[in-house]
Amino acid sequence: MQQEINQQRIQSMYKMLLEMGSGNFTNRIERTEQDDELEALVVLVNMVAEEMKGSVFHSGFINPHHTYANLVQTTFILDTDFVIRSYNSAVPTVLGFTDEMLYNTAFSSILSKESLPIWDSIKDSILHNTNYNSTLQLTYITQKQLLVPCFCSISRLMHSTSILISSVTTVIEETIVAKALVSPEDTNLLGGFSTYSDVQLIQHVYDYILNHLDSPLPSLKELSQIFGTNDNKLKQGFKLLFKTSIYQFYTNERLKRAHLLIQQTTIPLKRIATIMGFNTYPNFSRTFKKHFDYAPNAIERR
């Protein structure tokens with residue numbers, strides 16, 4: 001029995017490391033009551049994920065094939081038996097469960113062991129106080145058995161017996177399809193590329209842009225001269241491999257890095273706008289709001 005439990009704990013660490021390798025540092029591994037070397041490793045992996053999320057993101061070291069969708073809201077509606085009766089479309093994305101796994105199931109089934117006592121302690125208050133409204137930290141457990149800590153707003157709906165639970169978290173989305181990642185051994189390159197060196201060239205352009213986000217973007221002709229190719233090949237190749245234009249990629253990455261600087265540092269907003277190459281703060285604020293749907297000064301700063 002203990003051997004099976006240990007295998008599950010190792011599997012959880014394996015899944016967690018894969019998530020971290022893909023650029024996702026938002027999950028955690030659920031702790032057990034064991035006091036052994038495996039538990040020490042679990043603590044270490046969770047600490048590494050926390051440090052990476054808090055210290056590395058603002059430096060722009062993010063998996064280049066993922067983009068972070070910040071402030072994704074998850075919402076559940078429960079009945080008086082605390083059974084999930086509805087939820088918004090972001091819930092399956094964040095937790096990985098199918099509709100059959102979520103609908104008509106107990107809300108407690110998606111909570112970590114540490115969160116269950118907290119949840120049990122407030123259920124009576126929720127039922128007997130029609131004006132109940134509070135915010136506390138709960139930890140969801142995903143379909144992959146990883147943890148997602150969230151601050152949850154819990155309240156009763158007016159003129160209804162339903163219970164609303166809303167939280168905000170961060171998810172990653174693929175920016176390119178898996179088949180777009182090629183290696184020298186691939187016999188079937190993506191259409192439009194004649195050799196593997198063509199793919200490498202586009203990757204070098206990608207890396208160059210990431211390393212020069214604090215500088216004005218060279219023109220397509222200037223980039224072509226830097227990398228010894230023609231502008232049409234560069235333009236079409238980048239679009240084919242990364243599913244976006246060079247200018248759009250440059251702009252999006254600057255905004256992502258600006259978002260992380262705002263979130264993780266105390267640098268003044270106008271200074272961040274300058275660091276990221278925007279001529280004026282109003283221009284930065286307008287572009288930022290168009291991309292994220294909220295203004296830079298709406299972000300809670302560390």
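Are E253 and K256 buried or exposed? Both of them are buried. Keep in mind that what you're looking at is a predicted model, and let's start with this pair.

**Charged pairs**

The side chains of E253 and K256 don't just sit out of sight: they meet in a salt bridge, 2.8 Å from N to O. Where are the two along the chain? They belong to helix α9, which runs over residues 246–264, and they are three residues apart, so about one helical turn separates them. As for the general idea, side chains of opposite charge can pair when their charged atoms come close.

The count of salt bridges comes to three. Here they are side by side:

| Salt bridge | Closest N and O atoms |
|---|---|
| D79 and R85 | 2.7 Å |
| K123 and D120 | 3.5 Å |
| E253 and K256 | 2.8 Å |

Now take a look at K123 and D120. This pair also sits in a helix, namely α5 (residues 115–128), with three residues' spacing, or about one turn. K123 is partly exposed, at a relative accessible area of 25%, and D120 is partly exposed too, at 45%.

The bridge between D79 and R85 joins two residues with their own surroundings. D79 counts as buried because its relative accessible area is 15%, and the cut-off for buried is under 20%. R85, at 40%, is partly exposed.

**Nonpolar cores**

Next, the greasy inside. The largest nonpolar core has 30 residues, and I209, F238, F284 and F288 are the ones that touch the most other members. Which elements give two or more residues to this core? They are α6 (196–211), α8 (231–242), α9, α10 (269–275) and α11 (281–292). You've met α9 already: it's the helix that holds E253 and K256.

F238 is a good residue to click on. If you skip its neighbours within four places in sequence, F238 is in contact with I202, V205, Y206, I209, K243, T244, S245, I246 and F249. One of those contacts, I209, is also on the list of residues touching the most other core members.

Apart from this core lies another one, made of 28 residues, including V72, L102, I110 and L111.

**A nonpolar patch outside**

Finally, turn to the surface. L41, L44 and V48 form a nonpolar patch there, and together they have about 240 Å² of accessible area. V48 is part of helix α2, residues 37–56. With a relative accessible area of 36%, V48 is partly exposed.

Note on methods
Residues are numbered from 1 along each chain as its sequence is written. This is a predicted model: local features need pLDDT of at least 70, side-chain atom pairs count only at pLDDT 80 or more; totals for chains, interfaces and linings use all residues. Side-chain values use heavy atoms; hydrogens and water are left out. A salt bridge is a side-chain nitrogen of Lys or Arg within 4 Å of a carboxyl oxygen of Asp or Glu. Buried means under 20% relative accessible area, exposed over 50%, partly exposed in between (1.4 Å probe, protein chains only). Helices (H or I, at least four residues) and strands (E, at least two) are DSSP runs, numbered from the N terminus. A nonpolar core is a set of buried Ala, Val, Leu, Ile, Met, Phe, Trp, Tyr and Cys residues joined through side-chain atoms within 4.5 Å. Contact means heavy atoms within 4.5 Å. Patches are made of residues with over 30% relative accessible area and no salt bridge: like charges are joined within 9 Å, nonpolar side chains (Val, Leu, Ile, Met, Phe, Trp, Tyr) within 5 Å. Accessible areas come from the Shrake-Rupley method with a 1.4 Å probe; for residues, only the protein chains shown count as cover.
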